Amino acid sequence: MDELKFRRQAYEDPHNQDADFLAQINAKPENQALINELKNLDAKLTNALKVEVADDLADKLILRQQLQQHHKHRRQTGFLVAMAASVAFVVGISFSLLRLGPIDLAEHALAHVYHEGVALQVDQNVNFNQVNAQLASMKDFGNAKFTQQPGKVYYTSYCDFQGVKSLHLVLQGEQSKVTLFIVPLEKRMVLDKTFADGKYQGMGFETPDAFILLIGEDKADLSYVKDEIKNTFI
Amino acid sequence: MFANWRKKSVEPAVSSDMLSKQRRYNSLVKALHADIFRYAYWLCGDKHVAEDITQETFLRAWRSLDSLKDDKAAKAWLITILRRENARRFERKQFDYSDVEQDTLEDNISNSSEEQTEQYLIRRQIGKLDIEYREPLLLQLIGGFSGDEIAELMELNRNTVMTRLFRARSQLKELLEKNDVRGQSNG
């Protein structure tokens, strides 16, 4: 190994442990001196490079990481809550949209008659003024009222037609009792002129302020009550 | 019942995974934060900036801790992150840092012994060294890396690294000897 190469290697790394290099150090006293000098320089440099490190730096590094971890966790929970909220929102919207679909009054009316069987049993002997008071209490009917007693009224009650407040009456026909529904006019309602199932006959018509539905066992009775209503209800 | 069974077996596994990751990070911080901070300091010459870079470096390290397979390589891995972080600092703001380095070096000459005076002078000289000579020297002296490892870290070939190490030591030796002579003649 020539002198120049040795010097280069010494400056590159005085702690070099190559056999060649070590041999060269021992070969000459001035090489030994140079290496000692450079090692001394390295020791000084290494010392000088050791600038003071703040005592709490390690703690800060761990704290910062844990805060970030915490935030990340928070963000994830926030995301889940947002997802849950939007799913709930969509479900809510679709339910209210479903309710806006067309409503078949005839079907509801029949279901209602079967459901409230008791209405056909009782005899409250209602005066038409009382019915008028009930009609007046419902804003949707405008000025609709009975001008005189439409035959005997056995029963009167408010009822619910798919969220719309309506009036449920039971009147005396020629032979049997007839159930009468007065439902406020609304666009999404669909009304058939006549309908029926195994037991009951039904009839529907429209007045300026309301839908009228009649349900009874006998068709003749329905026509009878219909005429009666047309004469007394405005 | 199935949900219960799942919960019981999966949750502890997840949390113990997190726990071991946390332990690994903590020991990484404890073992290497001083070296990383010092390396950052000698790269940028400012303690506050160095602390910021160190913070960023360790946060990034946490995020990708799973990619560190071999713990022996941790130091080189952190230094790679740090160098990238430092480079990003220069992309963000185009300051001329070469002047800052000398200005912000600690002045502890005022109430100090001879030894501290000498250390102050050495630090000044290291600070004055060109960054391209300074960095391989830092890697060698702080990092304890070999020529090959430095070459890999700095993406240079080994000969270039060795030349720079040679020049770094020559310059420092010369500068410090000159200082000694001046000191003697003054005294």
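Two residues are in contact here if their C-beta atoms, placed from the backbone, lie within 7 Å. Keep that in mind as you explore this predicted model.

**Stop 1: one alanine.** Select B:A40 and look at what surrounds it. Which residues does B:A40 touch, leaving aside its neighbours within four places in sequence? The contacts are B:A50, B:I53, B:T54 and B:L82.

**Stop 2: the core around that alanine.** Now add B:I36, B:Y39, B:L78, B:L82 and B:L138 to your selection. Together with B:A40, these residues have the most contacts inside the largest nonpolar core, a set of 38 residues. Colour the helices to see where this core comes from. Chain A takes part through helix 3 (29-49), which supplies at least two of its residues. From chain B, helix 1 (2-44), helix 2 (47-63), helix 3 (74-92), helix 5 (114-128), helix 6 (131-141) and helix 8 (158-186) each do likewise. Which helix of chain B gives the most to this core? That is helix 1, with 11 residues. You can also colour chain B by domain: domain 1 (19-104) and domain 2 (108-187) each provide at least three residues of the core.

**Stop 3: a second core.** Next, pick A:A119, A:V131, A:L135 and A:A144. They are among the members of a separate core, this one with 35 residues.

**Stop 4: all of chain B.** Zoom out and show chain B as a cartoon. You should find 8 helices and 0 strands, so to speak a walk that reads α-α-α-α-α-α-α-α along the sequence. Chain B has 187 residues, and 28% of them count as buried. If you draw the contacts in chain B between residues at least 6 apart in sequence, 62% of them join residues at least 24 apart.

**Stop 5: where the chains meet.** Show both chains together. Here 30 residues of chain B are in contact with 23 residues of chain A. On the chain B side, helix 1, helix 2, helix 5, helix 6 and helix 8 each supply at least two residues. Helix 1 of chain B has the largest share, 10 residues. Try colouring this side of chain B by residue type: 18 residues are nonpolar, 6 are polar and 6 are charged.

**Stop 6: a stretch of chain A.** Finally, select residues 78-98 of chain A. An unreviewed UniProt entry lists them as "transmembrane region". In the model this span is 100% helix and 0% strand. How far apart are its end C-alpha atoms? They lie 30 Å apart.

Note on methods: Residues are numbered from 1 along each chain as its sequence is written. Chains are lettered from A and ligands numbered from 1 in the order in which they are written. This is a predicted model: local features need pLDDT of at least 70, side-chain atom pairs count only at pLDDT 80 or more; totals for chains, interfaces and linings use all residues. Helices (H or I, at least four residues) and strands (E, at least two) are DSSP runs, numbered from the N terminus. A residue is buried if 20 or more other C-beta atoms lie within 10 Å of its own, exposed if 12 or fewer, and partly exposed in between; C-beta atoms are placed from the backbone. A nonpolar core is a set of buried Ala, Val, Leu, Ile, Met, Phe, Trp, Tyr and Cys residues joined through C-beta atoms within 7 Å. Domain bounds come from an automatic or database domain assignment. Ala, Val, Leu, Ile, Met, Phe, Trp, Tyr, Cys and Pro count as nonpolar, Asp, Glu, Lys and Arg as charged, and the others, Gly among them, as polar. UniProt positions are given in the numbering used here, feature names are shortened, and annotations may be inferred rather than shown by experiment.
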